[in-house]
Structure formats: C-alpha cells, structure tokens
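Here are some worked exercises to try with the model open beside you. Take each task on your own before reading its solution.

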Amino acid sequence: MNPKNSSTDSPIINPETWVDHYGDYLYHFALSRVRDPSAAEDLVQETFLAALSARKNFASRSSEKTWLTGILKHKIIDHFRKKAKEPSVDNIMFGTEALDKLFDQKGQWKIKPAKWNADPMKLYEQREFMKVLNDCLSGLSSRMASVFILREMIGETTEEICKVLDISATNCWVILHRARGYLRHCLEINWFTSMSTED
Amino acid sequence: MKHWMFNCKEVTRMLSDSLDRELSFHQRVGLRMHLMMCKFCSRYQRQLLFLRETMHLHAEHSEDVEPSTTMPPEARERIKRYIHNVLDRPE
C-alpha cells in the first residue's frame, strides 16, 4: 500500500514502485485479453508511460491500481483498433463451416448439444478447465478473437466494437455468434464430453 | 406473411444476438415458443450463458496470477529502468 499524504487530498504517487506493485497484475490483465506476450509487455510499458505524464491529474477518487487498469483498458482497445487495420490473412468465414456441420439442411440439430455438468464458479477454479478454455480461445481467428474479447472481457457494447474495429453491427453480431458457437463446441468436445464418462 | 416457427439453426443465431441486442417482438415470441419445445436449443442457451459467465469470471479475476503469466524478469527490469529514467529527467 502506498502512503497517503494526510495534509492534501492527492495521494503521493510513487512510480518507482509501480512495477513491483502492479506489474504482474497489469501484465496478466493485458495478456489474458491480447493473448500475445510481447504485445502485453508493450501495453504495460505504454500504460506506465501514459500514467507518468498524467500523474498530476490523478484524483484520489480511485485507487492507483484502478486508475492504472483504466489506462491499460484504453491501451488494449487501441491495440485491437490498430490490429484491425493491419492487412490480415484471416479467413472471414472462419467458424461458419463448423457451425453449419451441426445442423441438417432443414436447420435441425444433427450434432446435438450434450448435457453439461457446469457450474462456472467451480470450473473456473480448475486450472485444467481454464487451460482448455484458453486453448479454445487461441483457436479463434484474429478478428473473431478481437470482437469476442472486446465484448466479453472488456465489456464493450457492439456499437462501440463496430467503431473500434470499423465493421457493421450485423457483421459484429454474426462474428459473435460464430465465436460463441465455436467456443461452445470446442469446450464440449475437449472438456464436457471427455469428462462425462467419469460422472 | 412472417413465419413464427424458427428452426434450430435460426434459434442459435437469435440466442447469440439476444446477448448483444434486443430482439424484435416477432423474434422474442418465436424464440420462446421454440425453446418450450426444444430441449437442445434450451441447452444451447444455457451453455451460451455459461460461456458468458465464465468469460466474466476470467476477466474479473485477473488477481489470481498464475506463475506462467507473471511478467518476464527482463521486461520487468526494462520497464523499471524506463520509469526511473523518465523520473530522472528534469521537467
């Protein structure tokens, strides 16, 4: 904890301690979202740089950690924005085929969703499950991952995502549908059905 | 004439959409009718909600830093030096 100056409202900020206090937290925060270690390092460094130049404006309304995390969040959104502008070899139809295979021509289930014994809270605590989830996330195409992470881990609305990634709302909904379909199926195959025999 | 019976494939799309936007009245009614009769789409719905909840837990609990996701020592040193240098610079 940082000492607070009792004579003024603004807390004393000591950037020399930032890396020790918040480095791992911010790095993990960035890595779980951008899924690229060197990009995560850069984002943490950029966050500290921005925080250094803005530290006079830091209001003690929030904790130092919350403040730094807020800056990092903006940096992560910028990261996705830049990434969307890069030429990519992304298959824009990614996930369509996998989803289509689940249904017959009439749109009825051909490969029916299995029964899951799922309590998110309990599963979340299991390292093995989180590993499977992370592997499934790594299977998403780059653009799909950007949309999905912005929506579910940064909590952006689809309107905001459209602006950041410069895509239409319809496109955004389709991508989210495919991403969820892909992840659901991936978890089913790699976790739930491979576990069900033990239940 | 709008049809009220959606097939399972259409329903999965609407279930996903309902997580991101408000569905039309027609879609909501059709969806509810379908879910009453189709246990697999109801399952799909629960599984999408599970996925969302799990991602939110994943997002919120960044505290539980695993050893594999701590900052590499070189990066840590580099960033520390960097901050130190910026602070040293006269304004």
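**Exercise 1. Take stock of the two chains**

Work out what share of chain A counts as buried, and which secondary structure elements each chain holds.

Solution. Buried residues account for 33% of the 199 residues in chain A. Keep in mind that this is a predicted model. Next, go through the elements: chain A has nine helices and zero strands, which from the N terminus on gives α-α-α-α-α-α-α-α-α. Chain B has four helices and zero strands, and its pattern along the sequence is α-α-α-α. Of its 91 residues, 25% are buried. Finally, turn to sequence separation. Taking contacts between residues at least 6 apart in sequence, 66% of those in chain A join residues at least 24 apart; for chain B the figure is 62%.

**Exercise 2. Find the two sides of a helix**

Decide which residues of helix 6 of chain A are buried, and where they sit around the helix axis.

Solution. Begin with the helix itself: helix 6 of chain A covers residues 127-138 and has 12 residues. From its first C-alpha to its last it reaches 16 Å, close to the 16 Å expected at 1.5 Å a residue. Now pick out the residues with 20 or more other C-beta atoms within 10 Å. In helix 6 of chain A the buried residues are Phe129(A), Val132(A), Leu133(A), Cys136(A) and Leu137(A). Looking down the axis of helix 6 of chain A, these buried residues fall within an arc of 140 degrees, so they line one face of the helix. A general rule helps here: an α-helix has 3.6 residues a turn, so residues three or four places apart point the same way. To finish, check the face turned away from the buried side of helix 6 of chain A: the exposed residues there are Arg127(A), Glu128(A) and Ser138(A).

**Exercise 3. Place the core between the domains**

Explain where the largest nonpolar core lies with respect to the domains of chain A.

Solution. First, divide chain A into domain 1 (15-85) and domain 2 (96-198). Their C-alpha centres lie 27 Å apart. The contact between them takes nine residues from domain 1 of chain A and 12 residues from domain 2 of chain A. On the domain 1 side, the largest share, seven residues, comes from helix 3 (residues 64-85) of chain A. That side of domain 1 divides into four nonpolar, no polar and five charged residues.

Then look at the core. The largest nonpolar core has 57 residues, and those with the most contacts inside it are Leu26(A), Ala30(A), Val44(A), Val147(A), Phe148(A) and Ala179(A). Domain 1 (15-85) and domain 2 (96-198) of chain A both contribute residues to this core, so it lies between them. For a close look, choose Ala179(A): leaving out residues up to four places away in sequence, it touches Gly95(A), Leu140(A), Met144(A), Val147(A) and Phe148(A).

**Exercise 4. Describe the interface from chain B**

Identify which helix of chain B gives the most residues to the side that touches chain A.

Solution. Start with the totals: 39 residues of chain B are in contact with 41 residues of chain A. The elements of chain B that give two or more residues to this side are helix 1 (8-17), helix 3 (39-60) and helix 4 (73-88). Helix 3 of chain B gives the most, with 14 residues. By class, the side of chain B that touches chain A has 17 nonpolar, 10 polar and 12 charged residues. Leu57(B) makes a good example, as its place is in helix 3 of chain B. Leaving aside neighbours within four places in sequence, Leu57(B) is in contact with Pro120(A) and Tyr124(A). Leu57(B) counts as partly exposed because it has 15 C-beta neighbours inside 10 Å.

**Exercise 5. Check two loop residues**

Say where Arg35(A) and Asp166(A) lie, and whether each is exposed or partly exposed.

Solution. Take Arg35(A) to begin with. Arg35(A) lies in the loop between helix 1 (18-34) and helix 2 (37-54) of chain A. Its phi is positive, about 60 degrees, although it is not a glycine. With 16 other C-beta atoms within 10 Å, Arg35(A) is partly exposed.

Now Asp166(A). Asp166(A) is found in the loop between helix 8 (158-165) and helix 9 (169-195) of chain A. The phi of Asp166(A) is near 55 degrees, a positive value in a residue other than glycine. Asp166(A) has 11 other C-beta atoms within 10 Å, so it is exposed.

Terms used. Residues are numbered from 1 along each chain as its sequence is written. Chains are lettered from A and ligands numbered from 1 in the order in which they are written. This is a predicted model: local features need pLDDT of at least 70, side-chain atom pairs count only at pLDDT 80 or more; totals for chains, interfaces and linings use all residues. The expected span of a helix is 1.5 Å times one less than its number of residues. A residue is buried if 20 or more other C-beta atoms lie within 10 Å of its own, exposed if 12 or fewer, and partly exposed in between; C-beta atoms are placed from the backbone. The arc is that of the directions from the helix axis to the C-beta atoms. A nonpolar core is a set of buried Ala, Val, Leu, Ile, Met, Phe, Trp, Tyr and Cys residues joined through C-beta atoms within 7 Å. Domain bounds come from an automatic or database domain assignment. Two residues are in contact if their C-beta atoms, placed from the backbone, lie within 7 Å. Ala, Val, Leu, Ile, Met, Phe, Trp, Tyr, Cys and Pro count as nonpolar, Asp, Glu, Lys and Arg as charged, and the others, Gly among them, as polar.
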